[in-house]
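Hello,

Here is the structure I promised to pass on. Please open it first, then read the notes below.

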Amino acid sequence: MRKPPRVRLALRTALRGLAAANVLALLALWALEALVAERWWPSILITYVPQWPFAAPTALLCLLLLRRPDARTLAWCAAAAAILAFPLMGLCVPLPLGIPAGVPVRVVTYNVHGGRAGAGAVAAAIAAQRPSLFCLQEATPPSGGASLLPALRAALPGYRYVSHESLLIGSRLPVRGHQARVIGRAGARRAALAARLDVKGRPLTVVNVHFATGATAETLLRRRGALRAYLEQTAAVRGQQVDNLMALCRGVGTPLVVCGDLNTPPRGILYRRLTRQLDDAFSSAGAGFGWTYPAAWPMLRIDHILAGPGVAVRSARVPRVRASDHRPVVADLVVTGS
């Protein structure tokens with residue numbers, strides 16, 4: 001039975017109001033993640049969890065539009081979808097920008113989860129990308145087992161290797177020196193492994209890091225009893241790690257690349273602090289969402305390759321690899337500085 005005109009008008013008005021309210025709610029969410037983020041424990045939780053559940057109201061409105069098409073409501077839903085896709089979920093669309101002349105270098109970063117899938121699987125995943133250099137995190141099992149280094153030396157003999165604790169760098173380029181520096185305080189001790197490489201006569205410093213875990217679903221489930229304290233503590237620890245890493249980067253003095261499992265999505269204050277001086281390779285030249293964790297059903301982009309001064313980004317991608325609980329990030333870079 002066809003509804004009276006007044007009822008149809010009321011339903012259309014209500015639907016438009018809901019669609020407009022949804023856009024305002026998403027804008028408020030965006031502002032919370034961008035401006036508050038790690039400063040308040042509820043916003044830490046919102047910033048670090050997967051963002052796709054926030055799409056549920058928009059999806060429901062789109063379903064209602066199938067029954068009651070309305071151009072104004074559709075426009076509100078399109079605006080909501082854009083907010084969801086780009087600032088919240090991190091959709092990237094590469095722009096055809098010119099790349100300066102220089103020496104090409106392919107870089108891989110990969111958290112290999114202690115090699116639980118086997119050194120052979122890790123080596124095959126790396127070899128498939130044919131990188132000039134690769135940075136691994138969790139290259140040593142957390143239980144204190146053997147490092148992957150001996151097996152990788154045998155499986156990937158064309159690389160030179162340097163390592164520190166669970167961090168490992170493999171390079172086809174000559175290694176002129178390396179050092180490790182602690183970037184985290186006691187109780188959450190983390191280090192940065194820096195190697196100085198020779199790229200056809202040009203110096204390049206690559207820094208491999210693994211930040212403390214943020215608010216992943218697994219850690220939240222384990223710490224339900226002290227959620228607020230945990231989130232506040234991790235924010236403070238990770239803030240210190242970001243500050244120390246950036247201080248290290250400022251003192252390098254050569255073209256620079258930072259790789260690692262930063263446990264940081266592409267939003268929030270800490271991410272913005274990192275990318276104020278460093279260029280996120282996937283954000284600059286990747287296509288899609290670039291989610292890296294968990295490997296089976298990725299929902300978060302927490303692994304990054306960041307290019308510093310003297311390095312340009314040509315392309316970036318996240319291969320579908322299942323040799324760890326993370327997926328690797330691959331970037332084609334150009335060393336332009338000297």
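The chain holds 10 helices and 12 strands. Please keep in mind that this is a predicted model.

Overall form

The chain has 338 residues, and a compact globule of that length would have a radius of gyration near 20 Å. The chain comes to 22 Å, which agrees. Along the principal axes, the C-alpha atoms fill a box of roughly 80 × 50 × 35 Å.

How much of the chain is buried? The figure is 49% of the 338 residues. The accessible surface is about 15,800 Å². Carbon and sulfur atoms account for 60% of that surface.

Contacts also reach along the sequence. Take the contacts with a separation of 6 or more: 71% of them join residues 24 or more positions apart.

On charge, there are 40 positive side chains and 15 negative ones. The centres of these two sets lie 7 Å apart.

Cysteines

I looked for disulfides in the whole structure, and the search finds 0. Cys62 is one cysteine outside any disulfide: the nearest cysteine sulfur belongs to Cys77 and is 4.3 Å away. Cys62 counts as partly exposed because its relative accessibility is 33%.

Why is Cys135 not bonded to Cys259? Their sulfurs are 4.0 Å apart, and a disulfide needs them within 2.5 Å, so the distance is too far for a bond. Cys259 holds the closest cysteine sulfur to that of Cys135. Cys135 has a relative accessible area of 0%, so it is buried.

Backbone details

Three places deserve a look.

- Tyr293 and Pro294 are joined by a cis peptide bond, with omega at about -15°. Pro294 sits in the loop that runs between helix H10 (281-285) and strand E10 (303-307).
- Glu138 is not a glycine, yet its phi is positive, at about 55°. Find Glu138 in the loop between strand E2 (133-137) and helix H6 (149-155).
- Asn263 is not a glycine either, and its phi is positive at about 50°. Its loop lies between strand E8 (256-261) and helix H9 (269-275). Asn263 counts as buried because its relative accessibility is 7%, and the cut-off is under 20%.

Around Ser166

Glu138 comes up again here. Which residues does Ser166 touch, leaving out those up to four places away in sequence? They are Leu136, Gln137, Glu138, Ala139 and Thr140. Ser166 itself lies in the loop between strand E3 (160-164) and strand E4 (167-171). At 23% relative accessibility, Ser166 counts as partly exposed. Asn111 is 55 residues from Ser166 along the chain, and their C-alpha atoms are separated by 9.9 Å.

From helix H1 to the cis bond

Leu11 lies in helix H1, which covers residues 5-36. Is Leu11 buried or partly exposed? Leu11 is partly exposed, with a relative accessible area of 36%. Now go back to Tyr293, the residue joined to Pro294 by the cis peptide bond. Leu11 and Tyr293 are 282 residues apart in sequence. In space, the distance from C-alpha to C-alpha is 41 Å.

Best wishes

How values were computed
Residues are numbered from 1 along each chain as its sequence is written. This is a predicted model: local features need pLDDT of at least 70, side-chain atom pairs count only at pLDDT 80 or more; totals for chains, interfaces and linings use all residues. Side-chain values use heavy atoms; hydrogens and water are left out. Helices (H or I, at least four residues) and strands (E, at least two) are DSSP runs, numbered from the N terminus. The radius of gyration is taken over C-alpha atoms; the globule rule is 2.2 Å times the number of residues to the power 0.38. Buried means under 20% relative accessible area, exposed over 50%, partly exposed in between (1.4 Å probe, protein chains only). Contact means heavy atoms within 4.5 Å. Accessible areas come from the Shrake-Rupley method with a 1.4 Å probe; for residues, only the protein chains shown count as cover. Lys and Arg count as positive and Asp and Glu as negative; His and the chain ends are not counted. The place of a charge is taken as NZ of Lys, CZ of Arg, CG of Asp or CD of Glu.
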